[in-house]
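Trainee: Could we go through this structure together? I would like to learn how each label is justified.

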Amino acid sequence: MIESRPHTLFSFGTLLDEKVQKELFGRAVPTSPASLAGHTTRPIRITDESVIATSGLDVHLTLERRIGAAVEGAVLHLTDADLAAADDYEVDDYTRRRVRLSSGETAWAYLDANPLRPAERIVIVGDSIAYGRCDPQGGWAARLAAAHIARNESAHRVFNLAIPGSTLADVSEQTPTLLAPRLPDTLLVAAGINDSAAHDGLTLLTDNLGSLASTALRHNARLVVAGPIWLDEEHTPDYEGLSFTRARALELRASLRAWCAAHHVDFVDMWEPLRERPDLLVDGLHPSAEGHEVLYRHLSTLGG
């Protein structure tokens, strides 16, 4: 017989209601007071009739980032079955992710399913594509920064720390020292195609992603992983002996997606926007200005 694992889930809303707990879990569950720093709440309209029937409310709360703020709530102590029931209860506007509580402990929490929408301060790390090579306007990252900051010039920030030629191994090694001064709430890792070309890139993928996830959590930041873009294999040059192939890039894409799903980390698929569009690539690898605009529009759908 497999024993159920204990889980801790931070809640600040309807899951603290004893009526809701009895409906979902069959009993009132053990709780302990807790707070979540760096967050505030905003209302969200609920349309799922079953959720409204359980909670008695058609407006719930969701989390947004806010430096200096904190959300008071409690940690629920749940079994595997309880956690699955909570997942079923939450509507598609929410997704379960790891957070760092004010106490320093970690727990699950239901966050906005749109990973960039609740963000205030975003740090971008990655390679030459995230850096904006071949685009005088700075690529998709510069466009994202301009739009994000324009929505709230006093609070919103975007720091593009991407370095051409970087692999995930480079990023996982360099990122820890870069985050503290910038107070990020979101770490956007642009996992480019360099890892697919490096001989050990896919082999070390799990270790590198695990390291980045731990780094993000230590800084109370949400990890978002962006996958590789489509490449025009027939026109890709060899860079320092690296060979870029579509098959390897697709293997990287699949591996990233699978890791993110298994670890409850946000994955952004960057492959489809430029798929079969060699006209939007300067050299088979790097997007033109128009290609970066397409990628930005794709990313902007995640920001609300």
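Mentor: Gladly! This is a predicted model, and its protein chain has 11 helices and 10 strands.

Trainee: How do you know that the size of the protein chain agrees with a compact globule?

Mentor: We set the value against a rule: 2.2 Å times the number of residues to the power 0.38. For 304 residues that rule gives a radius of gyration near 19 Å, and the protein chain has 21 Å, so the two agree. The C-alpha atoms fill a box of roughly 60 × 50 × 40 Å along the principal axes.

Trainee: What share of the residues in the protein chain is buried?

Mentor: A residue counts as buried under 20% relative accessible area. Buried residues make up 52% of the 304 in the protein chain. As for the surface, the protein chain exposes about 13,700 Å², and carbon and sulfur atoms supply 51% of that area.

Trainee: Why is strand β1 called mostly covered?

Mentor: Because buried means under 20% relative accessible area, we count the residues of β1 that qualify: in residues 7-11, four of the five are buried.

Trainee: And what makes β1 and β3 a pair?

Mentor: Two strands pair if there are at least two bridges between them. Five bridges join β1 to β3 (residues 59-78), so the requirement is met, and these strands run antiparallel. Along them, F10 stands opposite V75, and S11 has A74 as its bridge partner.

Trainee: How many bridges join β2 to β3?

Mentor: Strand β2 (residues 31-45) is joined to β3 by 14 bridges, again antiparallel. Here P33 stands opposite A74, the residue that is also the bridge partner of S11.

Trainee: Why is a group of residues called a nonpolar core?

Mentor: Because its members are buried residues of certain kinds, such as Leu, Met and Trp, joined through side-chain atoms within 4.5 Å. The largest one here has 35 residues, and those with the most contacts inside it are I124, W140, L188, M270 and L274. Among the elements that each supply at least two residues of this core are β6 (121-125), α5 (139-151) and α11 (289-300). A second, separate core of 23 residues includes V171, V189, A216 and C260.

Trainee: Which residues does M270 touch?

Mentor: Leaving out residues up to four places away in sequence, its contacts include W140, A226, W230, L295 and L299.

Trainee: How do you know that contacts link distant parts of the sequence?

Mentor: Take the contacts in the protein chain with a separation of 6 or more: residues 24 or more positions apart account for 75% of them.

Technical notes:
Residues numbered from 1 in each chain as written. Predicted model: local features only at pLDDT ≥ 70, side-chain atom pairs only at ≥ 80, totals over all residues. Heavy atoms only, no water. Buried < 20%, exposed > 50% of the residue type's maximum accessible area, 1.4 Å probe, protein only. Contact = heavy atoms within 4.5 Å. Areas by Shrake-Rupley, 256 points an atom, 1.4 Å probe, with all protein chains shown as cover.
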